[in-house]
Amino acid sequence: MIDPNLPPTLVLLPGMDGTGTLFEPLLQALGQHWPVQVLHYPGDQPLGYPALVERVMAQLPTNRRFILLGESFSGPVAVSVAARNPEGLMGLVLCSSFVRNPRPRLAPLQPLLKVLPVQRLPFWPMDALLLGGFSTPALRQALAAAIAQVAPQVLQARLQAVIAVDVRQALAASRVPLLYLRARQDRLVPPSASALVRQLRSDARLVEIEAPHCLLQAAPAAAAAQLQHFLNDLLEAAAMPVRG
């Protein structure tokens, strides 16, 4: 049973690495203002999107309201969960994310991902794509450490899942307020991804932040401020009397 007197929880769904460790800068920026629950995915099991949705559903708060944030790879998971309208869900946040393959021209390369030697690829292309000009030694170290925790076949499976995913209908069916955080310097997910979200949910709030794809890591203070603003608006709306 949902207790309306308890403060809402921010539930964080991780990016491609699935570890949840890369949320640390955001957690520090948020401080102790409201509860946060960080979920993670197994680093040794190549679970597809449907299985990850079920995993998340089983871990959602059951006694308090919550906001669900899907970062990058986890956007489709968050959208699919929101479409089920779980009890207590107040709002949905997508960060540097998508509802279908953000780079459709790469779809023909999907068979190659099965043999892609991800464990032997140099780190610098990933650094350039995910952090770009915002890269720092600390961020590079955190990113490399997170990726090292994930088996190569799991990363391959997640890349294949991104190419095949399409949760447009689920997003259109969702009803909770939606915030999209877009990184202005995102080299991985293009502006067309957020434009599609706005096309499917014209009521979505789009906020642009000067950051790379790893927005929550490179600009945690700006992201935390937007999340706090979103929460405040949700709480204010929930407190308003319903007019007949």
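1. Start with one pair: Leu10 stands opposite Ile67 in β3. The model is a predicted one. Strand β1 (residues 9–13) and strand β3 (residues 66–71) run parallel, and five bridges join them.

2. The wider sheet is open and has six strands. Their order is β2-β1-β3-β4-β5-β6, with parallel pairing. β2 (36–38) and β6 (205–209) are the edge strands, each pairing on one side only. From one strand to the next, the twist averages 20 degrees.

3. Two helices deserve a look against this sheet. Helix α3 (residues 75–83) packs on it, touching β1, β3 and β4 (89–95). The direction of α3 makes about 160 degrees with that of β4. Helix α8 (residues 191–200) lies across β4, β5 (178–183) and β6. Relative to β5, α8 runs at about 165 degrees.

4. The count of salt bridges comes to seven. One of them pairs Glu208 with Arg182, with the closest N and O atoms 2.7 Å apart. Glu208 lies in strand β6 and Arg182 in strand β5, so this pair ties together parts that are 26 residues apart in sequence. Is each partner buried or partly exposed? Arg182 counts as buried, at 13% relative accessibility. Glu208 counts as partly exposed, at 34%.

5. Arg184 and Glu210 also meet through their side chains in a salt bridge, at 3.5 Å from N to O. Arg184 sits in the loop between β5 and α8, and Glu210 in the loop between β6 and α9 (215–218), so the pair ties together parts 26 residues apart in sequence. Arg184 is partly exposed at 42% relative accessibility. Glu210 is partly exposed too, with a relative accessible area of 41%.

6. A further salt bridge joins the side chains of Arg205 and Asp233, at 2.6 Å from N to O. Arg205 lies in strand β6 and Asp233 in helix α10 (residues 220–239), so the pair ties together parts that are 28 residues apart in sequence. At 27% relative accessibility, Arg205 counts as partly exposed. Asp233 is partly exposed as well, with a relative accessible area of 25%.

7. Which residues form one network? Arg182, Arg184, Glu208 and Glu210 do, joined by salt bridges that share partners. Within this network, Arg182 counts as buried, while Glu208 is partly exposed.

How values were computed. Residues numbered from 1 in each chain as written. Predicted model: local features only at pLDDT ≥ 70, side-chain atom pairs only at ≥ 80, totals over all residues. Heavy atoms only, no water. Pairing = 2+ DSSP bridges. Helix = DSSP H or I, 4+ residues; strand = E, 2+ residues; numbered from the N terminus. Axes fitted to C-alpha atoms, helices over the stretch in contact; angles between N-to-C directions. Contact = heavy atoms within 4.5 Å. Salt bridge = Lys/Arg side-chain N within 4 Å of Asp/Glu carboxyl O. Buried < 20%, exposed > 50% of the residue type's maximum accessible area, 1.4 Å probe, protein only.
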